[in-house]
Structures are given as structure tokens and as C-alpha cells.
Amino acid sequence: MTDPSGPFGLSDPSGLSVVIVGGLHADARRAAVARLLADVPGSVALHHDLATAAAGTVVRTVRDATGVLDAGEAPLVNDCACCALREDLVPELERLADAGRTPLAVVELWDSVEPKAMAEVVTAGGLTVTGVLTAVDPALVLPYLGNGDDLADGGLAAAATDQRTVADTFARQLEYAPVLAVAASPEADDEDRELLAQLHPTARQVPIGHGDPAGPPADDGLTVPAPRRRPVSPLAEAALAGFDVEAAAAAQHPACALLPAEADAHGVSTLVWHRSRPFHPERLYAALEDLTCAAARSRGRFWLADKPDTLFHWDAAGGALCVESAGPWLASLPDAAWEMVPPVRRAAAALDWHPEHGDRGQHLVFTSPGLDRDGLEELLESCLLTDAEYAAGRDAWQRLPHAFDTLLEV
């Protein structure tokens, strides 16, 4: 008699589950994919190699635990390798689903491809993403977060117009995935592992690189074993646990991002800085370089006195800072517009609601080994409006120098 829930706990054994595995740490990523192929019989891995884009094509391979099953090429779309990947990925997954022989398709992303975009593409194509994993070598977390080189310099750009850096790409890969496949790394120490934990404290960490998938009990020839479901490994379980694309996007949006909490262990610290007073634009602008270099990673949202209705996003890694508008603060919207705001955004605003300023405020998080918490707090405080400036009121605030206009390309 067949188990209706399938051999691996899938609710629909005739359907195709898709797990996305990404990460710039290529060795760790390949190890995670190999582990999944070994753990889930019948699974296949689909990979688009963007390294061949300079020749005008993207090479696609489909493989299982025994080797390559199929290979082909996808032409570039608008001279963009990532666009070719988007155009080719869903049809290939649909082909696997229609064949009905594959319980799990592992989409192994090329080095610099970010999982958020691909998870949204697959879901929009009507397929089921059951997991998103980023594979990580703990010993490489700090070096990659500190690498401000352009992806193009290392042959990792996904398009001719790709201006991302190694650091910011790695940070997004790491922070988007709810599951981290963590490689066994003899070079990693307690500080490396603590840094990983503080950067993404809500992630489920699953070790990879040890052991073999459990098999059925030995047959002693004396008894007839009852039918058994094959044990599911921790990595396969994480891959099949389910994934909510909308919730994952909300967790990255600066207005309601699930940011790290205060922590201090093994030489690594996370400073969470909340204030309900706006920044003086000129003083903050003058301090940007020191603030950006103060931590391996910093992110959050902030409020400028001269732009009281705009929520700004702070995103720094590798010694580089990206500042951009993330839309209006909820407090600046008319009541009728609130119904159009997602509930998760309204809930996040309610947590920090100020009787005078509403959801306007500063929420910045800095994580790094050797963080100078006192010095960082002192610098941040010095960038806020003084008591006299604050008392002058909003009309006076908006006459302050618009120091960020050039940076924001206003």
C-alpha cells in the first residue's frame, strides 16, 4: 500500500517541489546540492552557468546524484544573463513537473544570482517553492562582507550593467534565506560562527558535509519489516518545510524588516540604535564614511529632519553605503490610504509608534567583530538635532541644508 503523503512527507507526491539553493560560497553551495540529491531519491538539480554569458549563451545542466542527465543552452535576453535565466528556468521546471518522475527540483543558482528574484519568478510561474537555502562557509563570512570589489572585477557580474559588489550581494543572499546550509569548515572559529548567528539570528542553520543519509533497517532474515517511510535528513526537511514569498519580501523591506537584536559574544557585537528624533542632514552626511566603516554590516531605516515624510533605507557592507528612499512614513499618509498598506507594515509601525511623530524614527543595526559600541553611539547621537534645533519645529527643519540631495539624485 502506498503512503499517501509520499516517501518524504510531501503532501502531493505527484507534484514537483522546488528548493532554491544559492550563495557566493560555491564549494558550500555545491556540497548542499549534492547532499540534497543524495538524500531525496529521484531529485534533480537544475543549474544555469552564467560564466559563459560573454559568449552569448547561458549553459543549462540537469543532473541527479549519478551525474548529468541533460544539457543545453539558452540565448541571452537583452544582453543579460540573468534575464536568460528567468526566461529559461520556469519552462524547464514545468517540463520536469509534466514528466511526473521528480519529487524535488533543486535550483542551484549561479554564484551572484540572488535567491529573492528567482523565488519570485518560480512562484509567479505557478510552481511551488518549498524552501530557499543559502550555503555558507563560516570562515568566509567576514572576508566576503568586507569585500567591496565590484562583481564585474571577479567575473561574477550577471549583466553588463551589473554594478553590485561582492559584499552587498553576499549580504542579501545571506539575509533573505530562512535556512542556512552551513559547511563544515576547519578554518572557522567561534568568532566566525557567532558573526553568522548575529547577522541572521532567525535563520535555521543546518550543517552539511558530514555523514550519509540514513537507510532502512538491516534485514536479519527472521522478520518481515513493516513498510517504513525513508527518514528525512535535516537538510531535506528544511528544503521541504514550505516558503512564503510575500513574507520573505516583507522581512527585507526597510519599513518592516526583521532586523537583528542586541548581542555581544565571542568578540562580535550587534548594536541596535533606536531614537525618535530626526537626524540633522548635514551632520549625518559628514559622518557617513565613519558610520559606514564602523561595522562589517549595518542596515535599517532612518529619518532626516529636512525630509520629514520620507522613510530612508540604510544598507552598508564592504565599506560602501547605499541610501535610498523607501517611500513615505505611514504617519505622513491620509487615513484613507492606510487600507492600501499591507498589514505587516501597519503592525511594524504600531510597534514603534510615537505619540507625536508616528512611525518616524531611527532604527539602525550595526554588527561586527570588535565593534566600538560607545564610540558608534556617540557619533550617531551627535548627528541628531540638538535640543534647540528640535524645539525650532518642522518648518525650521525643512530649511536645513539638503545635504543628501546629491546622494539621492533628487
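## Close-up views of a predicted model

**View 1. Strands 12 and 13, side by side.** Strand 12 (residues 310–317) and strand 13 run antiparallel and are joined by 7 bridges. Look for Asp315, which has Cys322 of strand 13 standing opposite. Keep in mind throughout these views that this is a predicted model.

**View 2. The antiparallel sheet around that pair.** Pull back a bit and you get an open sheet of 6 strands, in the order 9-10-14-11-12-13, with antiparallel pairing. Its edge strands are strand 9 (263–265) and strand 13 (320–328), and each of them pairs on one side only. From one strand to the next, the twist averages 10°. Helix 11 (residues 373–382) packs on this sheet and touches strand 9, strand 10 (268–275) and strand 14 (362–369). The direction of helix 11 makes about 20° with that of strand 10.

**View 3. The stretch that UniProt labels.** An unreviewed UniProt entry puts the feature "domain: CobW C-terminal" at residues 268–384. In the model, this span is 26% helix and 33% strand. The C-alpha atoms at the two ends of residues 268–384 lie 26 Å apart.

**View 4. The mixed sheet.** Here 8 strands form an open sheet, and the order to trace is 4-3-2-5-1-6-7-8, with mixed pairing. Strand 4 (67–75) and strand 8 (204–208) stand at the edges with a single partner strand each, so one side of each has no neighbour in the sheet. Ignoring direction, neighbouring strands of this sheet are turned by 25° against each other on average.

**View 5. A parallel pair from the mixed sheet.** Zoom in on strand 1 (residues 17–22) and strand 6 (residues 128–136), which pair in the parallel sense over 6 bridges. Which residue of strand 6 is the bridge partner of Val18? That would be Val129.

**View 6. The largest pocket.** This one has a volume of about 780 Å³. There are 32 lining residues, and the closest to the pocket centre are Glu114, Arg172, His313, Asp315 and Glu324. So where have you met Asp315 before? It is the residue opposite Cys322 in View 1. Two or more lining residues come from each of helix 3 (115–124), helix 5 (166–176), strand 11, strand 12 and strand 13. If you're sorting the lining by class, it goes 13 nonpolar, 8 polar and 11 charged.

**View 7. The second largest pocket.** About 300 Å³ is the volume here. Out of 19 lining residues, Glu175, His200, Thr202, Ala251 and Leu258 are the closest to the centre. Helix 5 turns up again, and both helix 5 and helix 8 (245–250) supply at least two residues of this lining. By class, the lining has 13 nonpolar, 3 polar and 3 charged residues.

**View 8. The largest cavity.** Now for the enclosed spaces. Rolling a probe the size of a water molecule over the atoms shows where empty space is left. The structure holds 2 cavities of 30 Å³ or more, and the largest contains about 40 Å³ of space. Its lining is made up of Glu175, Leu199, Pro260, Arg297, Ser298, Arg299, Val365 and Thr367. Strand 11 (297–302) and strand 14 are the elements that give two or more residues to this lining. Strand 11 has the largest share, with 3 residues. Split by class, the lining of the largest cavity holds 3 nonpolar, 2 polar and 3 charged residues. Glu175 is worth picking out here, as this residue lines the largest cavity and is also among the residues closest to the centre of the second largest pocket.

**View 9. The second largest cavity.** The volume of this cavity is about 30 Å³. Around the space sit Leu46, His47, His48, Leu85, Val107, Glu108, Leu109 and Trp110. Which elements give two or more residues to this lining? They are strand 2 (44–49) and strand 5 (104–108). Strand 2 provides the largest share, 3 residues. Strands 2 and 5 also sit next to each other in the strand order of the mixed sheet in View 4. The lining of the second largest cavity divides into 5 nonpolar, 2 polar and 1 charged.

Methods:
Residues numbered from 1 in each chain as written. Predicted model: local features only at pLDDT ≥ 70, side-chain atom pairs only at ≥ 80, totals over all residues. Heavy atoms only, no water. Pairing = 2+ DSSP bridges. Axes fitted to C-alpha atoms, helices over the stretch in contact; angles between N-to-C directions. Contact = heavy atoms within 4.5 Å. 1 Å grid on protein atoms, 1.4 Å probe; cavity = no way out; pocket = protein on both sides within 12 Å on 5 of 7 lines; lining within 4 Å. Points joined across faces, edges and corners; volume = space filled by probe spheres on them. Nonpolar A, V, L, I, M, F, W, Y, C, P; charged D, E, K, R; others polar. UniProt positions renumbered as here; feature names shortened; annotations may be inferred.
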